[in-house]
Amino acid sequence: VFPRLKQRGVLRRYQTTTLKVRQYFTGNVISNAAVGLLALVMMYTAAVLFFDLNMRGSYFNLAFVVLLGTIMLFGIGLALGGWAKNENQAAPLSQLVTLPMMFLSGVFFPTFLMPELLQSITKFIPLTPVIDSVRLVITENASLVDLAPQLAVMTAWTVVIYIIAFKVFRWE
């Protein structure tokens, strides 16, 4: 979205207002977090209705993990979109980041099936603690205290990602 807004001059117009980058980011993060929670509700409803999901954990814990994960992952999009000059540059760059992250984080198959070298690398990928936390909440009734290591990693990644996003963001 950001590269398209840059090309159309929308971000340049925002720059002429009193809007600050952090305010712009905050508004985008809040709206995308709301969309993330709505998507969670829809997917959970479909899983219960069509796949007979039997969730063992707390809805609050699941919503908290999804919310933090959405905020963290949206930061990656902000950083990539803020840095890219146009859509032609942003699309392959985002694919270059997201596809390996999905394959190595356990989205498609469990990380314990990977070679040991890859298993050690997966611990440092931002999506891994999100996937692990969601699985632990749904299947093992994990509390937020049980998820402290994953939440700490997600929080650290969130801070790092948003620092990068602020540094590379350009209005034009």
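Is Phe166 buried, partly exposed or exposed, and what is its relative accessible area? In this predicted model, Phe166 has a relative accessible area of 38% and is therefore partly exposed, a value that falls between the 20% under which a residue counts as buried and the 50% over which it counts as exposed.

**Aromatic pairs**

Phe166 belongs to one of the aromatic pairs, of which the structure holds five. Its partner is Phe25, and because the ring centres lie 4.9 Å apart with the planes at 40°, the pair is described as tilted. The two residues come from distant parts of the chain, Phe25 sitting in helix α3 (residues 21-51) and Phe166 in helix α8 (residues 148-168), with their positions 141 residues apart in the numbering. In contrast to the partly exposed Phe166, Phe25 has a relative accessibility of 2% and so counts as buried.

Another of these pairs is formed by Tyr44 and Tyr59, whose ring centres are 5.5 Å apart and whose planes stand at 85°, so that this pair is edge-to-face. Here too the pair links distant parts of the chain, with Tyr44 in helix α3 and Tyr59 in helix α4, 15 residues apart. Tyr44 is buried, with a relative accessible area of 19%, which is just a matter of the cut-off, since buried means under 20%. Tyr59, by contrast, is exposed, at a relative accessible area of 56%.

**Helix packing and helix geometry**

Helix α4 (residues 59-83), which holds Tyr59, also packs against helix α7 (residues 127-140), at an angle of about 170° and with the axes 10 Å apart. Because an angle over 145 degrees counts as roughly antiparallel, α4 is roughly antiparallel to α7. On the α4 side the contact is made by Asn61, Leu62, Val65, Val66, Gly69, Met72 and Leu73, and on the α7 side by Leu127, Val130, Ser133, Val134, Val137 and Ile138. Sorted by type, the residues of this contact comprise ten nonpolar and three polar, with no charged residue among them.

For helix α5 (residues 87-104), the length can be checked against expectation: at 1.5 Å a residue its 18 residues should span 26 Å, and the end C-alpha atoms are indeed 26 Å apart, so the two agree. Just after α5, Gly106 takes a positive phi of about 95°.

Thr122 lies in helix α6 (residues 116-122) and, at 3% relative accessibility, counts as buried. Leaving aside residues up to four places away in sequence, Thr122 touches Leu104, Thr111, Met114 and Thr128.

**Positive phi outside glycine**

Two loop residues other than glycine also have positive phi values, namely Asp52 and Asn141, and they are set out below.

| Residue | Phi | Place | Relative accessible area |
|---|---|---|---|
| Asp52 | about 55° | loop between α3 and α4 | 65%, exposed |
| Asn141 | near 55° | loop between α7 and α8 | 45%, partly exposed |

Asp52 thus lies in the loop between α3 and α4, the helices that hold Tyr44 and Tyr59 respectively, and with a relative accessible area of 65% Asp52 is exposed. Asn141 is placed in the loop between α7 and α8, where α8 is the helix that holds Phe166, and Asn141 counts as partly exposed at 45% relative accessibility.

Conventions:
Residues numbered from 1 in each chain as written. Predicted model: local features only at pLDDT ≥ 70, side-chain atom pairs only at ≥ 80, totals over all residues. Heavy atoms only, no water. Helix = DSSP H or I, 4+ residues; strand = E, 2+ residues; numbered from the N terminus. Expected span 1.5 Å × (residues − 1). Axes fitted to C-alpha atoms, helices over the stretch in contact; angles between N-to-C directions. Parallel < 35°, antiparallel > 145°, perpendicular 65-115°, else oblique. Contact = heavy atoms within 4.5 Å. Nonpolar A, V, L, I, M, F, W, Y, C, P; charged D, E, K, R; others polar. Phe/Tyr/Trp six-rings, centres within 6.5 Å; stacked < 30°, edge-to-face > 60°. Buried < 20%, exposed > 50% of the residue type's maximum accessible area, 1.4 Å probe, protein only.
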